[in-house]
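Take a look at the model below. Then read on for a brisk tour of its helices.

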Amino acid sequence: MRLLPLLALLTGALAGCAMGPDYQRPEVVTPAAWRTPEPGAAPVADLANLAWWESFGDTQLDALVKQALQNNLDIRIAAGRVRQYAARADLAKAQQLPEVGLRGSSTRDKLSEERQVPLSSRTPVNSAAYELQAQVSWELDLWGRVQRTNEAYLADLAATDEDRRAITLTVVANVVSGYVQLMALDRELALLKQDVANRQEVIRLAEARQQGGAGTMLQVMQARAALEETAAAVPAKEREIAAAENGLAILLGTDPATIPRSTALDALKAPPVPQGLPSSVLEQRPDVRMAEANLRAANARIGVAKAEFFPTISLTGLFGYASTDLSRFVTEPALFGSVGTQLVAKVFDGGRNDASVREAEAVQALHVDAYRRAVRNALMETEDALVYHQKTVQRLDALARQMKAVKSVAELAQKRYQGGQGTLFEVLDAERQVTAAQRLQIDALRDEHLSLVLIYKALGGGWKVAAPDVLQSVAADDAASSPKN
């Protein structure tokens with residue numbers, strides 16, 4: 001037993017040797033600035049901690065996002081997967097510690113006195129035996145197999161948690177986008193109803209002119225046909241609204257239902273446009289962080305595969321008490337024990353280990369490319385979102401000028417028709433131009449808000465706020481604290 005402290009010290013000294021390469025982040029060259037700079041963009045100090053959806057100034061939207069974070073089933077499934085991988089990481093970490101087993105027994109025996117060979121007079125017919133033993137087994141991690149396995153499982157856990165954060169960010173962005181689109185549909189429905197009212201007024205004017213002899217029944221029927229065409233679009237738009245509400249309800253984790261709205265599309269505030277440096281995307285995007293965690297795990301598993309070439313050495317110990325007399329059970333004469341070393345090595349495996357190393361190296365190379373692809377995809381999504389927003393703002397300015405022009409045309413056509421100089425066709429055509437311009441404005445205003453959602457999502461905004469840690473305390477990398485050869 002005096003050898004145990006020495007053996008433990010020797011194990012700790014040798015366990016620092018770990019097979020396989022130490023992890024190094026692949027070099028990725030990012031542009032110094034965005035291709036499409038945003039004029040007046042707000043600097044981003046820590047976008048990941050920003051609840052950007054609150055910048056729209058809609059309390060109902062804030063409530064819907066909160067509800068989705070609590071009830072969305074995709075988020076709950078992802079959180080359950082994190083807990084699963086946390087248990088796996090704990091299992092891998094436990095391999096670094098000794099395994100201790102305890103066994104006790106108590107037996108009473110009676111020998112037969114009717115044997116072919118009689119019992120000796122000194123052999124007791126009735127006897128008892130008591131035994132309590134502890135068995136200890138501890139693998140010496142001389143080649144770092146257990147250490148690398150623990151490192152790989154911790155990286156798997158980190159990747160799973162980043163996946164949960166990415167799912168959460170997507171859900172939040174979809175809730176905000178769905179809410180904006182729903183408000184745009186509300187605005188389109190209100191526009192259709194207003195258009196119906198306008199066409200009813202045109203019918204009234206046409207009927208008055210026909211009764212006064214200045215118009216014809218053909219003009220009245222043309223006005224009625226235009227009214228019914230617009231009226232038929234109302235139920236179709238209401239169907240779109242119901243479908244949008246049902247889709248948003250699923251994101252909220254509820255059954256299909258009506259979604260409350262506290263304001264109108266025109267009343268939504270435009271959040272500031274964030275625009276950090278391209279290199280900041282690598283630190284803020286959960287999908288990029290997940291790709292790097294997967295690469296770290298694959299890198300560690302190369303060491304696990306290489307360690308299989310070397311023998312497994314374990315310390316074993318057996319200690320306990322055994323006695324036929326319970327009163328003398330826990331005494332020094334009843335003590336027994338043994339200490340030993342067990343070595344298990346593969347002499348011939350037909351190339352299995354070599355193939356495992358080559359597979360691990362191939363998987364690691366695959367994840368290097370996957371990490372670089374994730375970075376480039378993040379840069380592309382951010383550039384697309386910035387262009388989308390910039391061009392939508394320019395489109396809004398042009399549509400505002402168009403609206404001013406078509407309204408002037410509609411007013412002039414109405415006056416000419418009332419004065420008997422114009423035709424009903426001119427009035428209806430002018431009204432169609434106004435309605436078309438209004439719809440384009442609604443689309444552009446909706447796209448402006450959606451582009452901001454895409455920018456915040458592309459830059460990885462809000463995931464720390466939206467996805468708080470499921471795990472209270474998980475070591476980022478236990479193996480990093482140990483020196484490696």
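## A tour of the helices

S356 sits in helix 8. The model is a predicted one. Is S356 buried, partly exposed or exposed? Its relative accessibility is 34%, so S356 counts as partly exposed. Buried would need a value under 20%, and exposed a value over 50%. S356 also has a partner to look for in space. Its C-alpha atom is 9.5 Å from that of V304, although 52 residues separate S356 and V304 along the chain.

**The whole protein**

Now step back. The protein has 485 residues, and 39% of them count as buried. Ten helices and four strands make up its elements. What is their order from the N terminus on? The elements run α-α-α-β-β-α-α-α-α-β-β-α-α-α. Contacts can also be sorted by separation in sequence. Take the contacts between residues at least 6 apart in sequence: 86% of these join residues at least 24 apart.

**Two helices and their spans**

Helix 8 covers residues 352-418, which makes 67 residues. How far should helix 8 span at 1.5 Å a residue? The expected span is 99 Å, because the rule multiplies 1.5 Å by one less than the number of residues. The end C-alpha atoms of helix 8 are 93 Å apart, which agrees. Helix 5, residues 217-251, can be checked in the same manner. The table sets out both helices.

| Helix | Residues | Expected span | Span in the model |
|---|---|---|---|
| Helix 8 | 67 residues (352-418) | 99 Å | 93 Å |
| Helix 5 | 35 residues (217-251) | 51 Å | 52 Å |

For helix 5, the span is close to the expected one. Look next at what comes after each helix. Just after helix 8, G420 takes a positive phi of about 85°. Helix 5 is followed by G253, and the phi of G253 is positive too, near 80°.

**Inside helix 5**

Which residues of helix 5 are buried? Among them are Q219, V220, A223, A226 and L227. T230, V234, K237 and I241 are buried as well, and so are E245, L248 and A249. A general rule helps in reading such a list. An α-helix has 3.6 residues a turn, so residues three or four places apart point the same way. E228 lies in helix 5 too. Is E228 buried or exposed? E228 counts as exposed, because its relative accessibility is 51%. E228 and Q200 are 28 residues apart in sequence, and their C-alpha atoms are 9.8 Å apart in space.

**How helix 8 meets helix 7**

Two packed helices are described by the angle between their axes and the distance between the axes. Helix 7 covers residues 286-307. The axes of helix 7 and helix 8 come within 8 Å and cross at roughly 170°. Helix 7 and helix 8 are therefore roughly antiparallel. Their crossing is left-handed. The residues of this contact divide into 15 nonpolar, five polar and five charged.

**How helix 8 meets helix 4**

Helix 4 covers residues 145-211. Its axis comes within 11 Å of the axis of helix 8, and the two cross at roughly 20°. Helix 4 and helix 8 are therefore roughly parallel. Helix 4 passes helix 8 in a left-handed crossing. Which residues meet here? L205, A206 and R209 in helix 4 meet Q414, Y417 and Q418 in helix 8. The residues of this contact divide into three nonpolar, two polar and one charged.

Definitions and conventions. Residues are numbered from 1 along each chain as its sequence is written. This is a predicted model: local features need pLDDT of at least 70, side-chain atom pairs count only at pLDDT 80 or more; totals for chains, interfaces and linings use all residues. Side-chain values use heavy atoms; hydrogens and water are left out. Buried means under 20% relative accessible area, exposed over 50%, partly exposed in between (1.4 Å probe, protein chains only). Axes are lines fitted to C-alpha atoms, for helices over the stretch in contact, and angles run from 0 to 180 degrees between N-to-C directions. Angles under 35 degrees count as roughly parallel, over 145 as roughly antiparallel, 65 to 115 as roughly perpendicular and the rest as oblique. A crossing is left-handed if the near helix is turned anticlockwise from the far one by less than a right angle, and right-handed if clockwise. Ala, Val, Leu, Ile, Met, Phe, Trp, Tyr, Cys and Pro count as nonpolar, Asp, Glu, Lys and Arg as charged, and the others, Gly among them, as polar. Contact means heavy atoms within 4.5 Å.
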